[in-house]
Structure formats: structure tokens, C-alpha cells
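Work through the exercises below with the sequence and the coordinates side by side, and try each task before reading its solution.

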Amino acid sequence: MLHINLADQYRRGTSLIHRLDPRTKILAVLLFIVTATILPAGAWLPYGLLLAGALLAAQASGLGVGFALKRSFVALPFALAAITLPFTVPGQPLAHLSSLTITVEGSLRFLSILIKSWLSVQVAILLAVTTQFHELLWGMRELRLPKPLVSIVSFMYRYLFVFADEALRLLRARAARSGQGEGKSGGGLLWRGRVAGGMVGNLTLRAFERSERIYEAMVARGFQGEIKTLISPPLTDMDRNVLVGWVTYLAMLLLVGFLF
Amino acid sequence: MHHTLEVKDLHFAYPDGRTALRGATLSVAPGDKVALVGPNGAGKSTLMLHLNGILQGHGEVRVCSLPVCKENLGKIRAAVGLVFQEPDDQLFSPTVFDDVAFGPLHMGLPESVVRERVAEALTAVGMADYAGRVSHHLSVGEKKRIAIATVLSMNPEILVLDEPSAGLDPRARRGLINLLRDLPQTMLVSTHDIRMVAELFPRTAVMDGGRVVADGPTLAILGDAALLSAHGLEA
């Protein structure tokens, strides 16, 4: 069998973080990101404390401090969306780049955004590697995210692999018949484009047909327009304690950030 | 007399104009184990989709004496466990547990019963340890077994299986045949696997051109070389 393992980031484990309820983890990560977002620019001490929190969580997950840290740099290019800030925010000039002026305030804002997004990505990575995807979905559903949204993500995740496998088979079938003959091989650009376009169309049609069959399979088992799930158990004491501790820590950070 | 399935003179054409059923007639009594054979395009899968009310053609379809109509659909879908050919279509939930629980949950059963049903169904197909697994990571044989569990959990009166042994290696096929032999439910199974038919099903119905063209004891049907060759089958 062909298999593509596209996006399974989950790492098995039995650590405290692994054992936490998915709802707790999702909430904690969201609160962390919100806190990082509303902290004022240049609040270095709270940033440091946030980093400490993220590293502590990484340590508690048993994956080690470096794990999320290393992977978090993938998000840095996205922060470049804020690259214009040093030039556009008015304030004290720091340097001149031909006709552009870099301001102190602007640089501070840019640096803060960079750090905040880097911190946020770290906890998000930690969430993804310590929680199985179906647990994440379950947690999102329990936290009252819109049901259609959760269902879409759920189906996407389930069939992403199936389609990746299908695409892989198509590519292999093309490769297997791409032999070299006497004449010029490979064909023209237009011809190759047509072949590739045909493959995309083929895959789309298959997706469409599959969606019909899946719907039939759902209807056959009594689906009437709404996905039902089991009622979930309440949060354990451990989860409550962790959440309370986490919220207190974030609240103190905010206090420090705004008062000092 | 009570019949589990009664189909009389059923006609159906797909929206694109292709006629799939031209007067199909078939009845299945409680406890029957019936094989449905015939060439591709004979209308086997189309007929099966009618037994659950997913397609509705012209003619009469009764399930457990209930006519297939909108008011009865809920009861009919609980009574007919329809398993599709492609297990990736049947298993659409994040985990095996969610998939097996889907049917009972949508029947409105209480949670404790749902959990019991899931455990029973998975045990019945020999997959009790798989509840927490993700369907994508299973082999085809495992997926087929779990696909059967997804309808067993609804406690159906009849199992309707579309090509259950297609695409299985000999060992997985053998496992599936043993499983089907052990299941007590009434069965209607479409297949190209004539050796499995001979082994498992006392009765065989042959479909071709949208009709049931022969129906009788498997031995007699498989012994009729003229009939088989007329409909593109080989014993």
C-alpha cells in the first residue's frame, strides 16, 4: 500500500502535558496567545516570562526544551508581514535608508510582533505534538466551536491522506509510462500542462464522487443533518488545577506588562 | 408471511439517463443468506442502495413489511445494515470508536447503550482493541471488518454487503469468510467471489441487465453452465 504521512505531528508520550484534557490544552494555548497579543510593545520582562512558561511546558511534555524552540522558527517568515512598521510608525529617527527613515518606536513594535508570534507558535506546536488530531477535534467541538467548521476540519483530516494517496498513485502511473523513445521525449510544455491539468481534473472528479458515496454511507446509518457525539466527561481536578495555575500566571504577566 | 426484504418490479434510472434497474424482483426471508452475483453494471449496487431508501425508484420495496417511504426511513435504516464496497467511504470519522458509534448515536440510543454496542460490535468482528485507532492507519482487511462493525452496532435485522471480499489478500479474505459465517444475521451479499458464494451462501440470485434473472439454491445455479456463461460468470 502507498501511504503518505503528511501532517501527523503527534508524538506519543505519557507526560503531564500528554495526559491533560484536550479542552484544557486548547484553552491554555488560546489564552497564552491572547495574552501575548495584548501585551504592550517592548514589555521585555513579560516576554521573558512568557518564554519561560513556554519552555516549562515543553520540559513538562517530556520532549525537551529545544523541541518546540527549533520548530518555531518556521513561523518567522510570516512575521515579515510587519516589516513595514519600522519605516511607517512615526517617532524618533534611528537610521536612514536612502529616502526611508527607520524609527525607534517602529523598530520596537516590529521586534515585539516578531517575539510574540515566535512565542505563540511555540505553544501551538506543543499543542499539536502532544495531542492527537481527533482529540483536538473533540476538544474544539466541546469548546463550542461552530459545528460545521469542526466537521469540515474533521473530514478534511480524514480524507487528506486518502487523496494524497490517490494523487501519488496518479503520479506514479504517469511516471511509469513516461518512457524514452527514439525521438524527443517529454513532449512540449503545452502538452505536459494538459496532462497535469487532466490529472488535477481527474482528482477533483474523484473527490466529488467520493463525497457522494460518503454522504450515502452517513445517511445509511441514520444521519439527518447533524453529527452527534457522546456527552463528554467533566474536567478532572488535575485539569482544573493546571488551568487555574495557568490563568493566574498569565494574569500576573499582564499586570506586570501594563504596570511596569 | 413476514419477509425481511421484498422487492417487486423495481425500476430505476440515474439522473444522467442510464437505466440501472428494469423490473428487479427479489425477496429475502429471515435467516436467509443470499449471494447476489452478476457482471459489473448489472444493477447490484443500485438495488442495494434501494434497500435503505437512499435511492427510490418505481416499484415496490418493503423492509420488514414496512414500505420504504419517508416516514419509515429511520426504522428501515436501523433494520438494514448497508456496508459499502470502499471502506474509506464507510469509515469517515476521526477514530474507529467514533465510526462504530455513529449509527447507534444517530438512532438516539442512550450513551451507556452506545458504548456497549460499540464494544460488542468490535468484539464480534475481532477488532476489540482498535477502538482508539485512526482509520487511515489500518490495512484494507482491518478496514473492511470495522466497516461491518459500524452497522453491527445498530443491531440490524439484515446485513447488506457490497463486495466484501474485493481487494483482500488470501489471508484477509479467509478471515472475512470466517467472520461472515459466524455472524447470525440475515444476509444479502453482492460479490464476484464465486468460491466464497459456494462456501457460504445456500442461496444465490443472479442479476443481469437490471433484473434478477435466476434465483435458487447455490448448487443448482453454479451447476448450470449455460446460465453462468449467458451472464458472464464462471463457476
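Two exercises follow, each with a worked solution.

The model is predicted, so that local features need pLDDT (the predictor's confidence in each residue, from 0 to 100) of at least 70 and side-chain atom pairs count only at pLDDT 80 or more, while totals for chains, interfaces and linings use all residues. Residues are numbered from 1 along each chain as its sequence is written, and chains are lettered from A in the order in which they are written.

**Exercise 1.** Describe the side of chain B that touches chain A.

Solution. Begin with the count: 28 residues of chain B are in contact with 24 residues of chain A, a contact being two C-beta atoms, placed from the backbone, within 7 Å. Next, assign them to elements (DSSP runs, with helices being H or I of at least four residues and strands E of at least two, numbered from the N terminus): helices H2, H3, H4, H5 and H6 of chain B each give two or more residues, and H4(B) has the largest share, with five.

**Exercise 2.** Characterise the overall form of chain A.

Solution. First take the radius of gyration over C-alpha atoms, for which the globule rule is 2.2 Å times the number of residues to the power 0.38; chain A has 25 Å, whereas a compact globule of 260 residues would have a value near 18 Å. Then add the extents of the C-alpha trace of chain A, about 75 × 60 × 35 Å along its principal axes. Finally, count the elements of chain A, which come to 11 helices and two strands, with the two strands following the sixth helix from the N terminus.
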